[in-house]
Amino acid sequence: MISGTMLARLASPRTGGLLGLAAVIALLPLALTNTYFYDIAVLVGLNAIVCIGLNLLIGYAGQISLGHAGFFGLGAYGSAILASRYGWPPLAAMLATTVAVAALAFVVGRPILRLKGHYLAMATLGLGIIIYMVIATEDKYTGGPDGIAVVPFSIGGFVLQGERVWYWVVGALLLLAAWLALNLIESPAGRALRALHSSEVGAEVVGINAAEHKLMVFVISAVFACVAGSLGAHYSGFITPGKAAFLHSIELVTMVVFGGMASTFGAVVGAAVLTTLPQLLAAFEDYEMMVFGAVMMGTMIFLPRGVVPSLARLLATRRDATADGEGNGV
Amino acid sequence: MQYLLTGLTVGAIYALVALGFSIIFNASHVINFAQGEFVMIGGMATVSFTAMGLPYLLAIPLAIVAAALIGLALEKFAVEPARNASVITLIIITIGASIFLRGLAMVIWDKRFHALKPFTGDTPIAIAGATILPQSLWVLGVTLVIVLTLSWFFGRTLLGKAMLATSHNRLAAQLVGINVRMVLFLSFGLSAALGAVAGILIAPITTTSYDVGVMLGLKGFAAAILGGLGSGVGAVVGGLALGIVETMSAGYLSSAYKDAIAFVIILVVLFFMPSGLFGKRGGDRV
């Protein structure tokens with residue numbers, strides 16, 4: 001029952017949830033006994049930032065994207081090329097890349113977001129693949145399929161190095177990302193997004209500019225992915241085009257859906273589970289891929305709403321047998 | 001002319017995969033991202049069966065049946081239990097299935113490339129200043145036969161008409177006594193068989209391996225979208241167009257970017273025709 005109330009609080013929005021997330025980030029190092037665990041925690045944090053942004057697009061606005069790894073890859077390569085090849089300060093490189101990616105998302109988002117359902121899936125998938133191919137082919141700048149080395153992140157002489165330092169930086173940014181996302185969801189814009197999720201025509205009838213709102217959230221999610229990509233490149237010190245590949249896009253979407261659509265903390269849980277899972281599955285060696293696919297299918301079949309909303313709902317109905325069952329986590 | 005012939009061959013394969021997407025989409029409004037894996041299974045299973053010493057006449061039907069059975073199993077155990085889930089959940093289930101099947105193939109077979117012997121020799125035939133492999137003729141011929149058979153099946157047989165009716169209006173089809181669950185079940189078997197045929201036909205030309213399904217699946221999906229989801233004509237035209245555009249751009253522009261150019265063209269088409277070339281232009285219901 002104790003764990004029950006804790007989970008319920010985790011699933012509750014805003015303050016409670018943010019405090020819970022902050023507590024998890026603060027207490028987690030107690031369990032991280034070596035740098036390998038820190039390394040995984042940093043990767044979880046970076047994926048979680050992308051997923052929080054992607055969840056705004058998929059979970060709240062109801063627009064699918066199968067190409068977000070493209071934005072992640074652009075962030076990573078933008079930073080890598082500007083900082084490592086042209087010697088820009090990493091922060092300036094990251095900002096310039098982010099502005100460029102936001103502009104790109106703004107320009108392509110307008111026509112793409114006119115499409116619906118599977119056509120939108122196709123267009124975003126195509127966009128991701130085009131970005132991937134450019135990165136993999138333009139080896140003069142990107143190093144091609146072999147990848148490229150990236151200098152460590154530094155601000156004014158202070159160099160960010162080591163898993164532990166990165167852990168706190170990424171943890172803080174994750175909190176910031178979650179706070180931004182929750183604020184957006186609770187704002188009038190967030191309500192507009194949910195309205196157009198249920199019915200685009202209906203939303204327009206009551207005066208919501210559906211196109212503008214979809215474009216806004218598309219750009220925001222692209223920026224989240226881009227920043228996480230930049231940081232990830234500096235953190236790992238080496239990147240390959242695989243970061244921008246279709247499979248990575250799928251992984252990101254799976255994290256969002258696994259954790260639970262329209263649940264910011266669900267996105268974090270999804271990122272945590274699906275980033276650590278392959279590490280655990282490495283024990284299966286040749287069977288790793290099979291097990292991963294089976295887990296993916298199994299969760300979606302038995303928990304189609306994702307882990308966090310499904311659990312929140314289960315708890316809600318347990319606690320109150322007469323509950324109407326509409327316990328849709330936020 | 002050479003590029004046109006090569007493009008048509010590749011395009012015919014895309015068309016077969018795209019038809020598989022369309023058939024399942026019509027029956028269930030699900031996009032089956034595991035479609036590419038059936039292509040892989042078809043090719044790899046034929047390789048195995050011929051390695052056991054079976055002649056093509058036995059190996060090919062066996063491989064098609066194997067793929068169809070896996071397709072039916074996929075519907076029964078993965079799609080059917082989740083039929084009330086949202087579109088994106090179903091997409092992830094089928095992607096999970098494709099990863100699972102690819103992993104399975106890696107365990108059963110290996111990571112190497114396998115070649116299949118052409119059905120009838122490999123002496124190129126000269127046509128109007130270009131050459132064509134006998135295997136390409138097989139690809140084009142078999143695709144033509146399949147397209148004709150499918151149009152007969154959907155236009156003239158009771159089962160085919162039942163499948164069409166289900167695609168137009170599921171509830172109404174159920175009301176007039178069509179077993180829509182059976183239709184959904186069969187559509188997966190049929191699509192899997194089509195995918196397997198595509199995989200077997202192309203294997204002698206491009207070789208096959210456990211991960212050949214990824215790109216072929218994506219291209220088939222792209223072709224189905226280009227033509228307009230759910231349209232049979234669209235799938236065939238989309239597939240052929242995609243194949244020709246791809247080989248032409250590889251030949252005249254840049255071979256490194258041939259896949260990218262195909263996707264750029266699809267994006268451009270979608271900007272102007274948001275439902276593809278032959279797609280239904282439905283209004284939004286509030």
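**Exercise 1. Find where His29(B) sits, then decide whether it is buried, partly exposed or exposed.**

Start with the location: His29(B) belongs to the loop that links α1 (2–28) to α2 (35–51) in chain B. Keep in mind that this is a predicted model. Next, look at the backbone: the phi of His29(B) is near 60 degrees, which is a positive value in a residue other than glycine. Now for the neighbours. There are 15 C-beta neighbours inside 10 Å of His29(B). Buried takes 20 or more and exposed takes 12 or fewer, so His29(B) counts as partly exposed.

**Exercise 2. Stay in that part of chain B and work out what Asn32(B) touches.**

Asn32(B) is in the loop between α1 and α2 of chain B. Count around it and you get 32 C-beta neighbours inside 10 Å, so Asn32(B) is buried. Leaving out residues up to four places away in sequence, Asn32(B) touches Phe21(B), Ile24(B), Thr94(B) and Ser191(B). For a distance to check on screen, try Ile88(B): Asn32(B) and Ile88(B) are 56 residues apart along the chain, and their C-alpha atoms are separated by 11 Å.

**Exercise 3. Do the same for Ala105(B): which helix holds it, and what does it touch?**

The helix is α4 (residues 87–108) of chain B. Ala105(B) has 23 C-beta neighbours inside 10 Å, so it counts as buried. Setting aside residues up to four places away in sequence, its contacts are Met40(B), Met44(B) and Tyr210(B). You can also step across to Phe33(B): it is 72 residues from Ala105(B) in sequence, and the C-alpha to C-alpha distance is 16 Å.

**Exercise 4. Check the span of helix α5 (residues 134–156) of chain B, then see what its buried residues pack against.**

First the ruler. With 23 residues at 1.5 Å a residue, α5(B) should span 33 Å; the end C-alpha atoms are 32 Å apart, which agrees. Then pick out the buried residues: Gln135(B), Ser136(B), Val139(B), Thr143(B) and Ile146(B). These pack against α1, β2 (130–132) and α8 (180–206) of chain B.

**Exercise 5. Over to chain A: how do helices α3 and α11 run relative to each other?**

Look at the axes of α3 (residues 35–60) and α11 (residues 210–236) of chain A: they come within 7 Å and cross at roughly 170 degrees. Angles over 145 count as roughly antiparallel, so that is what α3(A) and α11(A) are. Who makes the contact? On the α3(A) side, the residues include Val42(A), Leu46(A) and Ile49(A), and on the α11(A) side they include Phe218(A), Phe224(A) and Tyr235(A). By class, the contact has 16 nonpolar, 3 polar and no charged residues.

**Exercise 6. Follow helix α13 of chain A, and the loop leading to it.**

Begin in the loop between α12 and α13 of chain A, where you'll find Ala262(A). Its phi is positive, about 60 degrees, although Ala262(A) is not a glycine. With 25 C-beta neighbours inside 10 Å, Ala262(A) is buried.

Now the helix, α13 (residues 264–281). Its 18 residues should span 26 Å at 1.5 Å a residue, and the end C-alpha atoms are 26 Å apart, which agrees. Among its buried residues are Thr264(A), Phe265(A), Leu274(A) and Thr275(A). Leu280(A) is also in α13(A), but it is exposed, with 11 other C-beta atoms within 10 Å. Leu280(A) is 49 Å from Gly207(A), C-alpha to C-alpha, and 73 residues from it in sequence.

**Exercise 7. Describe the side of chain A that touches chain B.**

Start with the head count: 35 residues of chain A are in contact with 38 residues of chain B. The helices of chain A that each supply at least two residues to this side are α6 (117–137), α10 (200–205), α12 (246–259) and α14 (288–302). Of these, α6(A) gives the most, with 10 residues. By class, this side of chain A has 24 nonpolar, 8 polar and 3 charged residues.

To finish, turn to the largest nonpolar core: of its 200 residues, Ala67(B) and Ala222(B) touch the most other members. Beyond its neighbours within four places in sequence, Ala222(B) contacts Met122(A) as well as Leu242(B), Ala262(B), Phe263(B) and Ile266(B).

Definitions and conventions: Residues are numbered from 1 along each chain as its sequence is written. Chains are lettered from A and ligands numbered from 1 in the order in which they are written. This is a predicted model: local features need pLDDT of at least 70, side-chain atom pairs count only at pLDDT 80 or more; totals for chains, interfaces and linings use all residues. A nonpolar core is a set of buried Ala, Val, Leu, Ile, Met, Phe, Trp, Tyr and Cys residues joined through C-beta atoms within 7 Å. Two residues are in contact if their C-beta atoms, placed from the backbone, lie within 7 Å. Helices (H or I, at least four residues) and strands (E, at least two) are DSSP runs, numbered from the N terminus. Ala, Val, Leu, Ile, Met, Phe, Trp, Tyr, Cys and Pro count as nonpolar, Asp, Glu, Lys and Arg as charged, and the others, Gly among them, as polar. Axes are lines fitted to C-alpha atoms, for helices over the stretch in contact, and angles run from 0 to 180 degrees between N-to-C directions. Angles under 35 degrees count as roughly parallel, over 145 as roughly antiparallel, 65 to 115 as roughly perpendicular and the rest as oblique. The expected span of a helix is 1.5 Å times one less than its number of residues.
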